[in-house]
Amino acid sequence: MTIRRQYSLPNCSLVLEGLSDGSAASQLDMRPVLSILMSAECYVTGLGEPLTGGREFFESLVRAVSSYAQEFMSGVHYPDRYGPNLSMVQLHRIDGNSHRLTVLPASTGSTTQIDQKTELSAVVDLTTVQLFDLVEAIDQFFADTQTLPELSLQLTPISKRYIKSAEPLAQRSLPAVVGVSSLALAAMAFFLVPVPEVQRPRDPVPQPNAAGQNLGTPNPGGSGSPNPNPTPAADGLLPGDKTPSPAATGEPSPLATPQSNTSPESTPSPLSEGLASPGAAAVPITDVAEIELLKGKLSQQIDGVLKNKPAVDTELVYRVSVGKDGAIVGYKSENSAAVARSEAPLSELLYKPVGTRPPAEPLADFRVVFAPGGTVVVTPW
Amino acid sequence: MDVAVILMPSETSLTESNPLILDSLPDLSLNDGGCPRRARLQIDLMLLAIEALYLGGAEEMLAVSKELELESIIKNRVAFWLMRNTNPLRRYTQRRSLTVVEAKALVAIACNMARKLTATIRQLLQDSQQLRSRNVPLNQNLLLFEYLERFRAHFRSRMNPKRSVVVAYDSDEKLNELALNLLSKLLFCTGTAGMQRFWVSLFDGEVE
C-alpha cells in the first residue's frame with residue numbers, strides 16, 4: 001500500500017510517496033511509518049512543474065534548504081555545512097530578498113529508480129517568504145516521526161576554523177598589511193622630524209669665562225673691593241647704582257645678557273638683582289627679628305636639599321639674597337672653591353621667577369658657608 | 001562539525017532546574033560560558049524589531065516570560081532590561097556577558113512573540129516584496145511605514161551613536177534595510193523548528 005504524506009504551506013507543498021516496510025511495530029500505529037521513499041514532489045507557487053525526484057533528490061533538497069536557512073539567519077556562509085554536499089540541489093543568495101534554488105541533473109550512473117523527469121535541471125528564484133515556506137515544509141517533515149524517521153533535523157553551528165579558512169588569503173592578510181605599512185609610514189614621518197635639543201638650565205658659574213666675569217663683578221654693597229677694570233657685565237650694574245631704575249633691576253640687563261652663556265631667564269637676573277640690592281632700588285631688610293626669621297627659613301631650605309647629597313670636601317662660601325617671603329632670589333660664589341664648583345648646592349633652591357617679581361623688593365643678604373663636615377652655617381651678611 | 005546535535009527532546013536532557021521550553025535548545029560548547037558578542041547583539045535587535053511590530057511589545061514580553069515559566073531567569077522588569085543591555089551597541093551597555101540560560105530565555109520569548117505575530121510578519125514581508133518589485137517607495141504602505149518608523153525611532157533612541165556599527169546606520173534607508181532583514185529572520189523564528197534554528201544560528205562561526 002502506498003503511503004502519501006503531504007506538508008502544505010501557502011507558497012510551497014511537499015508531497016512524499018512511499019511504502020512502509022511492514023514491520024510489526026509500525027502496524028500498531030494509526031499512521032504507518034513511511035520508511036521507503038518512492039518519490040518526492042515539491043510544489044512552489046509560480047513554478048508550473050513541481051520539482052520531483054527520488055531519495056537522492058529529496059535528501060539533497062532537505063540538506064541544502066536546511067543549511068541555507070541557517071546561513072540566512074546567521075549571515076555566515078559555509079557551503080558544506082553538513083558534510084559533503086550531494087550537490088543535486090543548491091541554494092544561492094541573489095540579494096537580501098531573493099534566493100536561487102538550482103536543481104542539477106543527478107550524477108550519471110546513480111541507481112535511482114525514479115522517472116527521469118528530474119534529470120532536467122531547474123532554476124527557481126524564491127522570495128524570502130517562499131523560502132521560508134519551503135523550510136517550514138521540510139521542518140514539518142523532520143518533526144514527523146512517522147515519515148522517514150532516520151532523517152531528522154540536525155543543526156550544528158559552524159566552527160571557527162571553517163570560517164577562517166573560508167576567507168580568502170588576501171582578505172585575511174589585509175589587516176596585517178595595513179598595520180605594517182602604516183608603521184612604515186609613521187617611521188618615515190618621524191625620521192623627518194628633527195631630534196629636539198635638550199637645553200638644561202645651567203648654573204651661573206658653569207664655564208670659565210662666565211666664572212671670570214662673576215669674579216670680576218664688583219660688589220658695591222658688601223665686599224668693598226672695587227675692581228679697577230670693570231667688565232662689561234658690571235657696566236649693567238653700575239648705572240643702576242646711581243640712577244635706580246626698576247626696569248634695570250627687574251629684567252635681565254640687556255648689556256649683561258649677551259656676555260654670559262647662561263640662561264638669561266633664570267639665573268643672571270636674580271643675581272644682579274640680589275647683588276644690586278644694598279645700594280640700589282631694593283631696600284635691604286633691616287628688622288633684626290625679620291632677618292632672624294629669614295635666616296631660619298633659609299637654613300631649613302638648605303638642610304632639606306642637602307640631606308640627600310654627599311658632603312662637600314672643601315669649604316664653600318656663598319652670598320645669598322633672600323626675599324621677604326624667604327625665597328632665594330639670587331646667590332653668588334664668594335670663595336674660589338665655590339667658584340670652581342660647577343653646580344652649587346643652592347641651585348635647585350633658587351626662586352624661578354614666574355611672571356615678574358616686584359622690582360624694588362626688600363632683600364636680606366646672608367653668608368652661607370658649607371663646611372666639609374657636612375654642616376652649614378648661615379649668618380646675616 | 002563532528003558532534004551532531006539532535007534536536008529531539010529526549011527524556012535524558014530534561015533537568016529540573018531549567019524551564020522545560022529551554023531544553024529543546026542544545027548547550028553549545030563555549031570556552032568562557034558567556035554568549036558571543038554577535039549573539040547578544042542579534043537577540044536584542046530581534047526583540048527591538050518585535051517592539052516595533054507591536055505596540056506594548058515590551059510589556060507583552062514580560063507576560064510571555066511568565067507564560068513560559070521563565071520567572072526564575074527573568075525575575076523582573078529591571079533584570080530583563082539589564083539582560084537586553086548586554087547588547088554591546090546599547091547606550092547603557094552592560095559589562096557583563098549574557099549567560100547561556102539567559103540567552104535561551106530571551107530566544108524563547110522572541111520566538112514565542114514572533115509566532116503570535118506570524119500573520120503580520122508575512123504580510124509586511126509580502127508587501128515589501130511587491131513594493132520593491134514595482135519600485136515603489138516602502139513608505140507607501142501604511143503598515144510597513146509604521147513598522148519602519150517605529151524601528152528607526154527605537155534604534156536611534158537606544159543605541160549608542162558613538163559606536164562605529166551604529167554610525168554605519170546613519171540613513172533612513174540603511175535602517176529600513178536592517179528592519180526588513182530582522183523581519184525576515186523573525187519569519188524564520190515562527191516555524192516549527194524556528195527556535196532551534198535561531199538559537200543555533202547565533203553560534204555560527206563562534207564555536208570551536
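Mentor: Two residues are in contact if their C-beta atoms, placed from the backbone, lie within 7 Å. Please keep this in mind, and also that the model before us is predicted.

Trainee: Where in chain A does H2(A) lie, and at what angle to E3(A)?

Mentor: H2(A) lies across strand E3 (36-44) and E4 of chain A, and runs at about 55 degrees to E3(A). These strands belong to an open sheet of four strands in chain A, ordered E1-E2-E3-E4, with antiparallel pairing.

Trainee: What makes E1 and E4 of chain A the edge strands?

Mentor: Strand E1 (2-9) and strand E4 (51-53) of chain A each pair on one side only. From one strand to the next, the twist of this sheet averages 10 degrees.

Trainee: How do you know that E1(A) and E2(A) pair?

Mentor: Eight bridges connect E1(A) with strand E2 (residues 12-19) of chain A, in the antiparallel sense. At least two bridges are required, so E1(A) and E2(A) count as paired. Within this ladder, Arg4(A) has Glu17(A) in E2(A) as its bridge partner.

Trainee: Which strands of this sheet does H3(A) lie across?

Mentor: H3(A) lies across E1, E2 and E3 of chain A, at about 30 degrees to E2(A). H3(A) also lies across E6 and E7 of chain A, where the angle to E7(A) is about 110 degrees.

Trainee: What is the order of the sheet of three strands in chain A?

Mentor: That open sheet has the order E5-E6-E7, and its pairing is antiparallel. Its edge strands are E5 and strand E7 (122-127) of chain A, each of which pairs on one side only. Here the twist from one strand to the next averages 25 degrees.

Trainee: How do you know that E5(A) and E6(A) are joined as a pair?

Mentor: Strand E5 (residues 89-95) and strand E6 (residues 98-103) of chain A run antiparallel and are joined by six bridges. The cut-off is at least two bridges, so these strands are paired. His92(A) stands opposite Arg100(A) in E6(A), and the bridge partner of Asp95(A) is Ser98(A).

Trainee: How many residues lie between E5(A) and E6(A) in their hairpin?

Mentor: Two residues lie between E5(A) and E6(A) in that hairpin.

Trainee: Let us turn to the two chains together. How many residues of chain A are in contact with chain B?

Mentor: The contact involves 28 residues of chain A and 32 residues of chain B. On the chain A side, helix H2 (55-74), helix H3 (128-143) and helix H4 (160-166) each supply at least two residues. H3(A) gives the most, with nine residues. By class, this side of chain A has 14 nonpolar, eleven polar and three charged residues.

Trainee: Why is H3(A) called roughly parallel to H8(B)?

Mentor: The axes of H3(A) and helix H8 (residues 172-189) of chain B come within 10 Å and cross at roughly 20 degrees. Angles under 35 degrees count as roughly parallel, and therefore H3(A) is roughly parallel to H8(B). The crossing is right-handed.

Trainee: Which residues meet where H3(A) touches H8(B)?

Mentor: From H3(A), Thr128(A), Val129(A), Phe132(A) and Val135(A) meet Ser184(B), Leu187(B) and Phe188(B) in H8(B). This contact has five nonpolar, two polar and no charged residues.

Trainee: Why is H2(B) described as roughly perpendicular to H4(B)?

Mentor: Within chain B, the axes of helix H2 (residues 57-67) and helix H4 (residues 100-116) come within 10 Å and cross at roughly 110 degrees. The range for roughly perpendicular is 65 to 115 degrees, so H2(B) is roughly perpendicular to H4(B). Their crossing is right-handed.

Trainee: Which residues of H2(B) and H4(B) meet?

Mentor: Glu60(B), Met61(B), Val64(B) and Ser65(B) in H2(B) meet Ala105(B), Ile109(B), Asn112(B) and Met113(B) in H4(B). Five of these contact residues are nonpolar, two are polar and one is charged.

Trainee: Where in chain B does pLDDT stay under 50?

Mentor: It does so over residues 1-16 of chain B, for which the model has 22 contacts beyond four places in sequence. Where pLDDT is low, the predicted coordinates should not be read in detail. Chain B as a whole averages a pLDDT of 86, and 89% of its residues score at least 70. Among the elements of chain B, helix H6 (residues 142-158) has the highest mean pLDDT (94) and helix H7 (residues 164-168) the lowest (89).

Trainee: What ipTM and pTM does the model score?

Mentor: The model scores ipTM 0.86 and pTM 0.60.

Note on methods: Residues are numbered from 1 along each chain as its sequence is written. Chains are lettered from A and ligands numbered from 1 in the order in which they are written. This is a predicted model: local features need pLDDT of at least 70, side-chain atom pairs count only at pLDDT 80 or more; totals for chains, interfaces and linings use all residues. Axes are lines fitted to C-alpha atoms, for helices over the stretch in contact, and angles run from 0 to 180 degrees between N-to-C directions. Angles under 35 degrees count as roughly parallel, over 145 as roughly antiparallel, 65 to 115 as roughly perpendicular and the rest as oblique. A crossing is left-handed if the near helix is turned anticlockwise from the far one by less than a right angle, and right-handed if clockwise. Ala, Val, Leu, Ile, Met, Phe, Trp, Tyr, Cys and Pro count as nonpolar, Asp, Glu, Lys and Arg as charged, and the others, Gly among them, as polar. pLDDT is the predictor's confidence in each residue, from 0 to 100.
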